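Good morning, everyone, and thank you for making time for this. I would like to walk you slowly through one structure, so please have it open in front of you as I speak.

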Amino acid sequence: MNDNYALLLELQDKDLRIFNLKKQVISVPTEKERVRHELQISEDQLETVKSSVMDLESKIKQIEMDISDENEQKIKFQQQSVEVRKNDEYKALMNEIERCDKNIAAAEDKQISMWEELEKIKEIFAATEKEFEAGHARIEAAIKDLDVREKNCQAQVEKITSERDALATGVNAELLTHYNRLIARSKLPDGFSKAVVSIRNTNCGGCFLTMTPQVVNRVKKDELINCENCGVFLYYET
Ligand SMILES: [Zn+2]
């Protein structure tokens, strides 16, 4: 193979590695965002369960206050019943006392079923909290890993870039300018644009234009040929 091609291919290999490393670096913030979002969802779930617990606890407290109010009223009616003289007044007070008892019994029943519900919700809360804490630790670790990955990739980019630059000094200046222009068409994250491609059958490996047999022959003879359509350097892979 033509020495220039060998150098350009080596250069291209390094540029591709740099491209892929940069691709990993730019994916880090999105990846972090994704794991943070996961944590946010689990935190929201925990908050929802927590507010159900608090809501139920305040309802239970309210019922306790209602029961104590009813009891106070009942005592008041009982005291009054000792003092009244008239039968119908006494009867009315007895009815009131009976109403208080009914209310108290109903409230107590409600309170029991709320306590049971509270127990269940507290169990759910404990499980959700455990899950959240585990998730939190996992996500913290994932973010740390991403930071490490980012740093490593950046260090690799620097290392390979300096290797690449050293290699480039050995390439003919005119070829290098053309090569750099072709590579510069690359677009992160996925669009690495090759500058040196092999002919496939009789087609340009870059744009698939069919080459004339003469061009194919010249490429086979290691001549420096660029595709007349897309400009890439062509070589023949044996
Ligand atoms: Zn082409």
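I will begin with the sheet, go on to the helices and the core, and end with a few single residues.

Before anything else, please keep in mind that what you see is a predicted model.

Let us start with the sheet, and with a general point for those who are new to this: strands of a sheet pair through backbone hydrogen bonds, and they do so either parallel or antiparallel. Here we have an open sheet of four strands, in the order 2-1-4-3, and its pairing is mixed. At the edges sit strand 2, residues 203-204, and strand 3, residues 225-226, each of which pairs on one side only.

Now, in which sense do strand 1 and strand 2 pair? Strand 1, which covers residues 196-200, pairs with strand 2 in the antiparallel sense, over two bridges. If you look at the individual partners, R200 is bridged to N203 of strand 2, while I199 stands opposite C204 in that strand. The hairpin that these two strands form has two residues between the strands, and within this hairpin N201 takes a positive phi near 55°. Strand 1 also pairs with strand 4, but there the strands run parallel and are joined by three bridges, and one place to find this pairing on your screen is S198, which stands opposite Y235 in strand 4.

Next come the helices. Helix 1, residues 3-83, lies across strand 1 and strand 4, the latter being residues 233-235, and this helix runs at about 110° to strand 1. Helix 1 also meets helix 3: their axes come within 12 Å and cross at roughly 30°, and the crossing is right-handed. Which residues make this contact? From helix 1 there are N4, L8, L11 and D15, and from helix 3 there are L175, Y179 and I183. Sorted by class, the contact has five nonpolar residues, one polar and one charged.

This brings us to the core. The largest nonpolar core has 18 residues, and those with the most contacts inside it are L8, A195, V196, C204, V232, F233 and L234. Helix 1, helix 3 (residues 173-183), strand 1 and strand 4 each supply at least two residues of this core. C204 deserves a moment of its own, for, leaving aside its neighbours within four places in sequence, C204 is in contact with a list of residues that includes V197, I199, L209, M211, C227 and V232.

Finally, let us turn to some single residues. N203, which lies in strand 2, counts as partly exposed because 14 C-beta neighbours fall inside 10 Å. Not counting residues up to four places away in sequence, N203 touches F208, L209, T210 and M211.

The other two are in helix 2, residues 87-168, where we find E131, and where A166 has its place as well. Is A166 buried or exposed? A166 counts as exposed, because it has 10 C-beta neighbours inside 10 Å, whereas E131, with 13 other C-beta atoms within 10 Å, is partly exposed. As for distances, E131 and E43 are 88 residues apart along the chain, and their C-alpha atoms are separated by 9.8 Å. A166 and V219, by contrast, are 53 residues apart in sequence and lie 27 Å apart in space, C-alpha to C-alpha.

Conventions
Residues are numbered from 1 along each chain as its sequence is written. This is a predicted model: local features need pLDDT of at least 70, side-chain atom pairs count only at pLDDT 80 or more; totals for chains, interfaces and linings use all residues. Two strands pair if DSSP finds at least two bridges between them. Two residues are in contact if their C-beta atoms, placed from the backbone, lie within 7 Å. Axes are lines fitted to C-alpha atoms, for helices over the stretch in contact, and angles run from 0 to 180 degrees between N-to-C directions. A nonpolar core is a set of buried Ala, Val, Leu, Ile, Met, Phe, Trp, Tyr and Cys residues joined through C-beta atoms within 7 Å. A residue is buried if 20 or more other C-beta atoms lie within 10 Å of its own, exposed if 12 or fewer, and partly exposed in between; C-beta atoms are placed from the backbone. A crossing is left-handed if the near helix is turned anticlockwise from the far one by less than a right angle, and right-handed if clockwise. Ala, Val, Leu, Ile, Met, Phe, Trp, Tyr, Cys and Pro count as nonpolar, Asp, Glu, Lys and Arg as charged, and the others, Gly among them, as polar.
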